[in-house]
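Trainee: I would like to learn how to read a model feature by feature. Can we take one and work through it?

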Amino acid sequence: MTLDNILEEIKKAENIVVLTHETPDGDAIGSSLAMNLILQKLGKNVDVVITQFPKTFSFLPQAEDVKNEIEIKTYDLAISVDCATLNRLDGKELFEKAKRKIVIDHHGSNTMYGEINYVNPVAPACCEILAGMLEYWDIDIDIDTGSCILTGIITDTGGFKHSSVTAETFEFTAELLRKGVNVSDIYYRVLETKTKANFELLRIATDRLEFLEDGKVAFTYITEKDMKDVNAQFGDHEGIVELARGIEGVEISVFVREREDEKAFKVSMRASNNSKANVSDICYIFGGGGHPKAAGALVKGNLEEVKEKIVQAIRKVAKI
Ligand code: 5GP
Ligand code: MN
């Protein structure tokens, strides 16, 4: 059983590095910090490396100990959480150099780039996989670990609203609540709190939102200049893609964010709840991926070119 092998590898290792995907979201951060606590409980020396740590999650246990710079060394074991491909892994050099490599993830598009891969594409969050692992290993989930895990579950399920949510998700949350995890506080912090810059970007993006393909596609964008103008920090673009998701008739919401250094735009795509469109398939055309209802990619070109490429890809793949 893969979970037995994972525990065996952890027990054999002394120095372990925990890595996750670039531009990390709540599930990436929650999984990394939960894994950090679990490994410490097992008596390991752990480094968590995340080069861009969003301020929203700095309330989580040991967030202040996360390493923001990649310092090349050889770890006994590298564990990647919530990351579908080696290419997207923040600190991939450390993963490649590590003596042993484990991947734990919930993306259907995972390329199985570890030596041991524990991938469950139906899990609503990577954090929920960790909860199952702890149960299997008979390790108690304390309030700190539970808070990290709940952060990933709440963010990746959009606050328990996505169809990926199962009875177990609620049962697990109820158990955490009984133990003393402040579910309401975490919910408000990770989903209902905005920085001023985030609000300003939402305002700009709302103003620019346009409807394409007979109103089935909503498109908006943010430039690097916008981000400078509002003094945006990393993570302040969160939530923009969700703006149009619930608008009547919209099946696919597209948000693109300028990446001047790459002469490209980072694309975020969401499908509405009742749409048959698979946005992961659309993003795959550009070398990206994700989940059927939430995916992303990097698309080269200026704004007009990128918009046109995306519309063409939607026409080709989505059949909306
Ligand atoms: P977001 O739009 O929130 O950045 O990402 C939505 C989902 O798509 C997440 O599961 C994220 O991991 C995935 N995703 C975003 N960008 C990329 C990308 O460039 N490549 C791949 N493979 N997945 C991505
Ligand atoms: Mn995730």
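Trainee: Where is Met 112 found?

Mentor: A note before that: the model is predicted. Met 112 sits in the loop between strand 4 and strand 5. Its phi is near 55°, a positive value in a residue other than glycine.

Trainee: Is Met 112 buried, partly exposed or exposed?

Mentor: Buried means under 20% relative accessible area and exposed means over 50%, with partly exposed in between. Met 112 has 43% relative accessibility, so it counts as partly exposed. Compare Asp 138, which is not a glycine and has a positive phi of about 60°. Asp 138 is in the loop between helix 4 (126–137) and helix 5, and with a relative accessible area of 70% it is exposed.

Trainee: Next, the metal. Which residues are the protein donors of the manganese ion (ligand 2)?

Mentor: Read a metal site by listing donor atoms, then by placing them in the chain. Here the protein donors are Asp 27 (OD), Asp 82 (OD), His 106 (NE2) and Asp 156 (OD), at 2.2 to 2.3 Å from the manganese ion. Water is not among the atoms, so the site may look incomplete. The spacing of the donor residues in sequence is D-x54-D-x23-H-x49-D.

Trainee: Which parts does the pair Asp 82 and His 106 tie together?

Mentor: Asp 82 lies in the loop between strand 3 (77–81) and helix 3 (92–97), and His 106 in the loop between strand 4 (100–105) and strand 5 (116–119), so the pair ties together parts that are 24 residues apart in sequence. Asp 82 is buried, at a relative accessible area of 1%. His 106 is buried as well, at 2% relative accessibility.

Trainee: What angles would be ideal at a metal?

Mentor: Four tetrahedral donors would ideally give 109.5 degrees, and six octahedral ones 90 or 180 degrees.

Trainee: Now ligand 1. Which residues come nearest to ligand 1?

Mentor: Start with the shell, then look at individual contacts. The shell of ligand 1 has 13 residues, of which Arg 88, His 107, Lys 266, Ser 268 and Arg 270 come nearest. By class, 3 are nonpolar, 7 polar and 3 charged.

Trainee: Which polar atoms lie 2.6 Å, 2.8 Å and 3.1 Å from atoms of ligand 1?

Mentor: At 2.6 Å, an N or O atom in the side chain of Ser 268 faces an oxygen atom of ligand 1. At 2.8 Å, a polar side-chain atom of Arg 270 is paired with an oxygen atom of the ligand. At 3.1 Å, a backbone N or O atom of Gly 289 is paired with a nitrogen atom of ligand 1. Ligand 1 exposes 500 Å² when taken alone, and the protein buries 86% of that.

Trainee: Which strands supply at least two residues of the shell around ligand 1?

Mentor: Strand 9 (264–271), strand 10 (289–291) and strand 11 (294–300) each do so. Strand 11 gives the largest share, 4 residues.

Trainee: How many residues of strand 9 are buried?

Mentor: For a strand, check the burial and then which way each side chain points. In strand 9, 8 of the 8 residues are buried, so the strand is largely enclosed by the rest of the structure. Ala 264, Lys 266, Ser 268 and Arg 270 point one way, and Phe 265, Val 267, Met 269 and Ala 271 the other way. Among them, Ser 268 and Arg 270 are also among the residues that come nearest to ligand 1.

Trainee: Which strands does strand 9 pair with or join?

Mentor: Strand 8 (residues 252–259) pairs with strand 9 in the antiparallel sense over 8 bridges, and Phe 265 is the bridge partner of Glu 258. These two strands form a hairpin with 4 residues between them, and Lys 263 in the turn has a positive phi of about 50°. Strand 11 also runs antiparallel to strand 9, with 7 bridges joining them. There, Arg 270 stands opposite Ala 294.

Trainee: Last, a helix residue. Is Thr 151 buried or exposed?

Mentor: Thr 151 is buried, with a relative accessible area of 0%. It is in helix 5 (residues 143–156), and a polar atom of its side chain lies 2.9 Å from the backbone oxygen of Ser 147. By contrast, Asp 207 in helix 8 (residues 196–208) is exposed, at 71% relative accessibility.

Key:
Residues numbered from 1 in each chain as written. Chains lettered and ligands numbered in written order. Predicted model: local features only at pLDDT ≥ 70, side-chain atom pairs only at ≥ 80, totals over all residues. Heavy atoms only, no water. Near = heavy atom within 4 Å. Polar contact = N/O pair within 3.5 Å; in protein donor to acceptor, adjacent residues only side chain to side chain. Areas by Shrake-Rupley, 256 points an atom, 1.4 Å probe, with all protein chains shown as cover. Nonpolar A, V, L, I, M, F, W, Y, C, P; charged D, E, K, R; others polar. Donors = N, O, S within 2.8 Å, 3.2 Å for Na, K, Ca; no water. Buried < 20%, exposed > 50% of the residue type's maximum accessible area, 1.4 Å probe, protein only. Pairing = 2+ DSSP bridges.
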